[in-house]
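Trainee: I should like to understand how the terms used for a protein model are justified. May we go through them one by one?

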Amino acid sequence: MKLQEYAAHDATGLAQLVNSREISAIELVRLAREAHDRINPTINAVVEFYDDAESVPGSDTGPFAGVPFLRKDLGPTEAGRLQECGSRLFAGCRPTVDSYFIQRARAAGLRVLGRTTTPELGIGSSESVLCGITRNPWDLERTSGGSTAGSAAAVAAGIVPIASGSDGGGSIRVPASFCGLVGLNPSRGRISGGPHQQESGLGRSRSFVMCRTVRDMAAALDVFSGAHPGDPFVIAPPERSYVQELQRPTGRLRIGVAMSSWVEGEIKPSIFEAVLQTAQHLEAMGHQIEEMRAPYDPVLYPEVAAAMYHIGLSNLDATARELGREVNAQTLEPVNLKLYQLNKQRPLTYAGEVFQRDRQFRADVGEAIKNFDILVTPTMPCPAFPHGTFSTLDENLTVEDFLHGADVAMHQYMHIFNVTGHPSVSLPLFQGEDGLPIGIQIVGRFGDEAALVRIARDLEETIPWTARRPPVFAGS
């Protein structure tokens with residue numbers, strides 16, 4: 001197999017070739033390394049490609065038999081492998097436990113070949129002091145999104161067909177939108193964070209994958225779904241496999257469509273045009289379309305969105321002590337250090353306030369959207385923006401400007417569903433006049449990833465995207 005053929009396949013397609021003995025897992029590893037060596041110097045998506053990649057464990061059978069896979073350097077861990085979280089504070093850190101996520105990946109045949117870049121502690125966009133700038137294969141001067149920056153860029157550029165990600169406020173869906181990928185944030189409880197990261201980020205953060213096709217998304221849901229002992233929140237299992245859902249009819253849905261900004265902030269006209277076109281396609285399929293106004297109080301939303309950062313940084317002192325380090329300007333980037341210092345000033349009662357706010361927010365949003373089967377929104381209010389925008393490396397950027405600009409305005413359609421736990425997927429349905437991808441977010445009822453699989457399949461067939469290639473691509 002030539003590199004061009006390798007890069008053209010999705011993960012399911014490569015696994016089919018391995019299962020039929022048309023190619024071996026070792027050959028795929030070597031092709032992934034060739035793609036990495038050719039492309040990574042340009043985009044800086046992979047912080048480490050393992051020297052022993054050809055001997056990493058993985059099944060030679062299964063839905064992803066022999067498929068090359070990269071692990072985001074934040075979230076699920078591999079025993080004995082580096083996990084530095086994009087931060088100097090964690091430099092050289094080697095966890096001792098394989099996460100359940102990694103165990104399931106290997107059992108399904110995925111070969112974990114290395115680590116992808118992430119902004120420091122998953123905060124910000126595709127740049128950090130430790131890893132440098134991760135560049136978008138569609139435009140090297142623009143971000144690939146945070147915090148699953150490296151995985152998104154690596155998949156978009158054809159280094160691997162699938163890679164891990166995590167989403168605590170849009171960190172899978174943002175890079176999916178910016179890099180032209182399929183990015184699902186599953187329902188709360190669908191993917192176990194065990195044995196050491198259950199209910200990460202107040203239950204807002206879930207791990208999943210970056211991929212290019214809906215069938216890979218469905219197969220990955222089958223692989224990674226399921227609770228483990230000790231999980232604090234257990235969701236009802238699906239009625240059937242998600243791959244089987246690809247063959248089932250969608251039915252007629254009542255769809256709420258966001259045609260306005262939900263907070264103060266500009267939305268590019270091309271983004272709403274893409275939302276409108278999506279709605280028109282869905283209406284042509286026979287679905288009932290209605291406009292969906294903001295389902296939350298825009299005054300309350302900034303506090304709800306910011307809470308994850310403040311609570312998430314609360315354990316840094318204990319981490320620093322374990323590592324024999326201090327939290328200071330030598331270990332944290334400027335904006336993250338300011339966030340940490342602000343959190344230190346908050347009273348002990350702040351956590352209780354957060355839990356109460358989240359409870360009220362979930363109730364209000366649930367009531368507002370209860371009559372819709374799915375929602376259609378922009379993923380982001382703009383295409384990928386230039387490097388340095390709202391950068392955590394900017395010493396002059398205040399916490400207030402960072403949270404309001406980079407977090408509230410940019411993530412207005414996403415944070416909400418991290419809090420409520422609804423499944424939501426960004427689909428790469430359109431491109432702007434500049435050629436940059438435009439993602440559309442589809443949100444399902446809680447626990448109903450099956451509906452998202454079916455509607456995503458319908459849209460993939462109606463507005464095909466899989467043949468699109470960025471200028472920087474391993475198969476070019």
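The following exchange concerns a predicted model and takes up its helices, its loops and its cis peptide bonds.

Trainee: How do you know that the span of helix H9 is close to the expected one?

Mentor: Helix H9 covers residues 269-284, which is 16 residues. At 1.5 Å a residue a span of 22 Å is expected, and H9 reaches 23 Å from its first C-alpha to its last.

Trainee: Which residues of H9 are buried, and what makes them line one face of the helix?

Mentor: The buried residues of H9 are Ile271, Phe272, Ala274, Val275, Thr278, Ala279 and Leu282. Viewed down the axis of H9, they fall within an arc of 155 degrees, and therefore they line one face. In general, residues three or four places apart point the same way, because an α-helix has 3.6 residues a turn. On the other side of H9, Pro269 and Ala284 are exposed.

Trainee: What do the buried residues of H9 pack against?

Mentor: Their partners include strand S11 (254-257), strand S12 (288-291) and helix H16 (449-462). Just after H9, Gly286 has a positive phi of about 105 degrees.

Trainee: Why is helix H10 called oblique to helix H13?

Mentor: H10 (residues 301-312) and H13 (residues 350-369) pack at an angle of about 135 degrees, their axes being 10 Å apart. Angles over 145 degrees count as roughly antiparallel and those of 65 to 115 as roughly perpendicular. The angle of about 135 degrees belongs to neither class, so H10 is oblique to H13. The crossing is left-handed. Among the residues in contact are Tyr301 and Ile311 of H10, with Tyr350 and Phe361 of H13.

Trainee: Why is Arg21 called exposed, and why is Asn44 called partly exposed?

Mentor: Exposed means over 50% relative accessible area, and buried means under 20%. Arg21 has 66%, so it counts as exposed. Asn44 has 22%, which lies between the two limits, and therefore Asn44 counts as partly exposed.

Trainee: What is said of phi in Arg21 and Asn44?

Mentor: Phi is positive in Arg21, at about 65 degrees, although this residue is not a glycine. Asn44, also a residue other than glycine, has a positive phi near 55 degrees. Arg21 lies in the loop between helix H2 (11-19) and helix H3 (25-43), and Asn44 in the loop between H3 and strand S1 (46-49).

Trainee: Where are the cis peptide bonds of Ser147 and Pro195?

Mentor: Gly146 and Ser147 are joined by a cis bond with omega of about 0 degrees; Ser147 is in the loop between strand S7 (139-143) and helix H5 (149-156). The bond from Gly194 to Pro195 is cis, with omega near 5 degrees, and Pro195 is in the loop between strand S9 (182-185) and strand S10 (206-211).

Terms used. Residues are numbered from 1 along each chain as its sequence is written. This is a predicted model: local features need pLDDT of at least 70, side-chain atom pairs count only at pLDDT 80 or more; totals for chains, interfaces and linings use all residues. Side-chain values use heavy atoms; hydrogens and water are left out. Helices (H or I, at least four residues) and strands (E, at least two) are DSSP runs, numbered from the N terminus. The expected span of a helix is 1.5 Å times one less than its number of residues. Buried means under 20% relative accessible area, exposed over 50%, partly exposed in between (1.4 Å probe, protein chains only). The arc is that of the directions from the helix axis to the C-beta atoms. Contact means heavy atoms within 4.5 Å. Axes are lines fitted to C-alpha atoms, for helices over the stretch in contact, and angles run from 0 to 180 degrees between N-to-C directions. Angles under 35 degrees count as roughly parallel, over 145 as roughly antiparallel, 65 to 115 as roughly perpendicular and the rest as oblique. A crossing is left-handed if the near helix is turned anticlockwise from the far one by less than a right angle, and right-handed if clockwise.
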